[in-house]
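Here's a quick tour to read with the model open on your screen. Have a look at the chains first, then work through the points below.

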Amino acid sequence: MALVVFVTGESFCTGRIRPAAKTASATKQKQEERKEMIRALYSAASGMTAQQLNIDNIANNLANSNTVGYKSRRAQFQDLMYQTTVQPGSQAGASTLVPTGLQLGLGVRTASNEIIFAQGDFSSTGNPLDMVIQGRGFFQIKLPTGETAYSRAGSFQLDSTGNIVDPNGNPLQPQIAIPAAAQAITIATDGTVSFTLPGQNAAQTAGQISLANFQNPAGLNSIGQSYYLPTDASGAALIGVPGGTDGIGTILQGYVEQSNVSVVDEFINLISAQRAYEANSKVVKAADDMYSQVNNLTR
Amino acid sequence: MDAISTSAASGMRARMESLEMLANNLANVETGGFKADREFFSIYTGDDASADPQTGDIQTLPLVETHWTDLSQGNLINTANPLDFAIDGDGLFAIDTQGGVRYTRNGNFRIGPTGILTAADGSPVRALGGGPIQLQPGIAVEMLPDGTMQQSGQPVGQLELSAFDRGSMDKIGANYFVPLDGAKAKQATGVVQQGKLEQSNVGAAESSVRLVAIMRQFEMLQKAMNIGNELNRKAIEEVARVTT
């Protein structure tokens, strides 16, 4: 007897208080009533899924906390649609209106995990081909496919023909070659690479490194190995020489840029994500308990 | 149906709606700029309440008739991202979405491919008086507390900050609020902070306490309903027993 009223809810809830809802969207209302039994469960489940993704993201950041040039990512969440159970402004009585209505939210979704391009710490390596960009720029790397990839990881070496290459063996663009006999390699803050040959005092210029900048670096596509590719969202690469006024940055020789992951911050995020997951799982349990009590009303 | 069962059923239904609201709040405990929803209990008075004053037996039922959004300040976290903004105090950022102007507390902005400041979904952030904010590529952005953005010391635009009365906004998802018909935007008094994001204002500890309260109240109401059923059973089976 009691259960009938509970499930349909019509007999006491759409009476005098909500005439507008009954006439305008009677069918929709019925559908919502049916779904209502599982709304809390699905909201909590969406929260658990979102936190799971948050933890996946934190795990990747922590795994890369020692990766040179790695930029951390941060998950961003959004609330989902709202079901309007009572329309705001509907008639509450002969002369009163419902002021705000009743809206029930349906949970959360992960909107994006954006790349945080904050500068990482520098560590001194003493290797003359290690470089750090102090600013927003990216090194240009030519991939074997002919595409240009962009990277913040500035630990370079020489290959068998003397070209400056990254740890994957892909050449830095524009290509700069250093002869095998070169003694001291110097890279100026404006990217000019010079060297001296044995028995000579004057330095010779091998080339100038140019850097790329993007309108919206957060829109770049990560393809692994510290490489980024441009997308429609990031805009095309804007090429410039280091040290200019356009914010592209300057080059510092003999250092590498560490990952910008803050292990302490990530652990704090991990704790809060884990607790949020737990809280959502408690809601699942509570909803389950309550529905089980409803099922036990009739004997 | 008797009065005990009806009241209890109404109470159970109201607690379930409370649970649904709480579930949504907890699901959004990490959503930047999210504002918690709270239920607003009211009492439904039966049609016969005024008709029969002598008995004093007025039938009233608890009901979640409306909700209110807790617009209190969430914690500000430091992100060091120059395009993250948080409002300290009242006010909302205005975003020109395809569906019209929407308002949000989530200041996780970025620069679009054409150089305009956009929200996370790519919709342009509205400048004071309308229109987008055009930025120069690669030049550091500085934000003054009143929402004026500067590049190389030159102002490039000012964010529109609007405040609304409590209860005059609806949530539409994706962290957006939309003002109800006739709601007027007021001058916001909050200040904009750069490199920070506002966290959700859902208190996890407080929500856990409310979760326990809702469950226990639900249990009590279920017991009350069983008592009502038991009384009915006795009335039917024992009071009206015809003894031979």
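How many bridges join strand S4 of chain B to S17(B), and do the two run parallel or antiparallel? Four bridges join S4(B), residues 84-88, to S17(B), and the pair runs antiparallel. Keep in mind that what you're looking at is a predicted model. The rest goes by topic, starting with that sheet.

**The small sheet in chain B**
- S4(B) and S17(B) belong to an open sheet of three strands, with the order S7-S4-S17 and antiparallel pairing.
- Strand S7 (107-108) and strand S17 (191-194) of chain B sit at the edges; each has a single partner strand, so one side of each has no neighbour in the sheet.
- To find the S4(B)-S17(B) pairing by eye, look for Ile87(B), which stands opposite Val192(B) in S17(B).

**Chain B as a whole**
- Chain B is built from two helices and 18 strands.
- Its radius of gyration is 26 Å, well over the 18 Å that the globule rule gives for 244 residues, so chain B is more spread out than a compact globule.
- The C-alpha trace of chain B spans about 100 × 35 × 25 Å along its principal axes.
- Buried residues account for 43% of the 244 residues in chain B.
- Of the contacts in chain B with a separation of 6 or more, 65% are between residues 24 or more positions apart.

**Where chain B meets chain A**
- In this contact, 64 residues of chain B meet 68 residues of chain A.
- On the chain B side, the elements giving two or more residues include helix H1 (3-27), strand S1 (37-45), strand S2 (60-69) and helix H2 (204-239).
- H1(B) gives the most to that side, with 16 residues.
- By residue type, the chain B side divides into 32 nonpolar, 21 polar and 11 charged.

**Helix H1 of chain B**
- Why call H1(B) largely enclosed by the rest of the structure? Because 22 of its 25 residues are buried.
- At 1.5 Å a residue, the 25 residues of H1(B) should span 36 Å, and the end C-alpha atoms are indeed 36 Å apart.

**A residue to click on: Tyr103(B)**
- Tyr103(B) is found in strand S6 (residues 100-104) of chain B.
- Tyr103(B) is buried, with 22 other C-beta atoms within 10 Å.
- Leaving out residues up to four places away in sequence, Tyr103(B) touches Leu92(B), Phe93(B), Ala94(B), Ser162(B), Met169(B), Tyr176(B) and Phe177(B).
- Arg126(B) is 23 residues from Tyr103(B) along the chain, and their C-alpha atoms are separated by 9.8 Å.

**Chain A**
- Chain A has five helices and 20 strands.
- Of its 299 residues, 37% count as buried.
- Among contacts in chain A between residues at least 6 apart in sequence, 64% join residues at least 24 apart.
- The domain assignment splits chain A into domain 1 (2-117 + 264-295) and domain 2 (122-257).
- Seven residues from domain 1 and 11 residues from domain 2 make up the contact between those domains of chain A.
- The domain 1 side of that contact divides into four nonpolar, one polar and two charged residues.
- Helix H5 (residues 263-295) of chain A has 33 residues and reaches 48 Å from first C-alpha to last, close to the 48 Å expected at 1.5 Å a residue.
- The buried residues of H5(A) include Asn269(A), Ala273(A), Tyr277(A), Asn280(A), Val283(A) and Met290(A).

Key. Residues numbered from 1 in each chain as written. Chains lettered and ligands numbered in written order. Predicted model: local features only at pLDDT ≥ 70, side-chain atom pairs only at ≥ 80, totals over all residues. Buried ≥ 20, exposed ≤ 12 C-beta atoms within 10 Å, placed from the backbone. Contact = placed C-beta atoms within 7 Å. Expected span 1.5 Å × (residues − 1). Nonpolar A, V, L, I, M, F, W, Y, C, P; charged D, E, K, R; others polar. Domains from an automatic or database assignment. Pairing = 2+ DSSP bridges. Rg over C-alpha atoms; globule rule 2.2 N^0.38 Å.
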